[in-house]
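Reader: Before I accept terms such as buried or contact, I would like to see each one set against its cut-off. Could you go through them with me?

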Amino acid sequence: MLLFFKQYSSILKLERKYQKALRQNPFYEEVKAILKKEQPSTVFCSHQRALKAAAIFAAALDLGISTTTVIYSWDNLPKARLALRADNYLVWSDYMKNELQIYYPEISADKIFITGTPQFEFYGKAENIIEKEIFYKRYNLDPNKKIICFSGDDLKTSPDDPIYLKDLAQEIIKANLQHQYQILFRRCPVDFSGRFDDVVNEFKEIIKEAPPLWYFSKSKEWNAVYPSLEDVKLLVSTAFYSNIVVNVGSTMAFDFWMFKKPCIFINYDQQNKKEENWSVNTIYQFQHFKSMPNKKAVIWLNSKEEISKKIVLETSQNIAMEEWKVKILGDYKNASNNIRQKLIIV
């Protein structure tokens, strides 16, 4: 049964019931006992949707222990409610702070701190770029060819990604560009479906793989996985050596723009869809894409036939993309220190 609520007060009522239910869970009592014994000055969670953290934060609140959480990604706030409540919230930018206040008017502004997000700090450190010869050899890349990175989304976000990857390979060959370009495929870290295997094997001469190097729990959900330092270097190097990145509305647009590499957003549906009700039109209507200054921030791929023309648009001058980066990422260069200082203060 689906229930729809028009009044925000009804949502808050449900969340109060949720908080009450958390305290009836045996895990809450277990965690509360640990916190009583250890007496931490603060509890910090790096992912506001971590379900287990909700009970931990509830226990900390009841014991008077300060709690702080961060908003994990740029699209989290408009997509779903927070799984936990904290004393303090760390956000990427002014834009995200405003979003948090819109979606959660009950959270006062003095509890929201703008710190930036540390995931983009790594791009400014030369030691995170793998030596070219090692990188190209490790991933079987041709140093005489340009690199198109195809970054996959998770299965739910983009079920037709394997067909898009196939389109890219086919059109490069059709335009006789395979001697100039190669595709470096990076799948989504939580995608273990094997759905790309057939395409990669069919076009193994042009598609090379650079699998993410993440640590996983049994659930393999976003809130229970995190990248290794080796993967940070892999991603930084992928963005550094690639000429352009192709995907369906991925945050990777910001990663690649750290090196002024353009992003192509796939903007057409497949004739034979894996999921009949899925469409790129739905993806790009999500609230977080409305933060774009204008549509010129990325290159829009509106059909398979446009591929050979669009992949050669390697412009490093894009005022709209730079504005978008500043708007969303905020002070990312000092994020780690900003977060550390806030944790010390609270």
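Author: What follows takes one residue and then the interface between two domains. This is a predicted model, in which local features need pLDDT of at least 70 and side-chain atom pairs count only at pLDDT 80 or more, while totals for chains, interfaces and linings use all residues. Residues are numbered from 1 along each chain as its sequence is written, and side-chain values use heavy atoms, with hydrogens and water left out.

Reader: Why is Ser158 called buried?

Author: Ser158 has a relative accessible area of 0%, and buried means under 20%, against over 50% for exposed and partly exposed in between (1.4 Å probe, protein chains only); Ser158 is therefore buried.

Reader: Which residues is Ser158 in contact with, leaving aside its neighbours within four places in sequence?

Author: Contact means heavy atoms within 4.5 Å, and with those neighbours left aside Ser158 is in contact with Asp153, Tyr164, Arg195, Val248 and Trp278.

Reader: What makes domain 1 and domain 2 separate entries, and how many residues of each are in contact?

Author: The bounds come from an automatic or database domain assignment, which gives domain 1 as 13–116 + 333–345 and domain 2 as 122–324. Twelve residues of domain 1 are in contact with twelve residues of domain 2.

Reader: How many salt bridges does the rule find across the interface of domain 1 and domain 2?

Author: The rule asks for a side-chain nitrogen of Lys or Arg within 4 Å of a carboxyl oxygen of Asp or Glu, and across this interface of domain 1 and domain 2 it finds zero.
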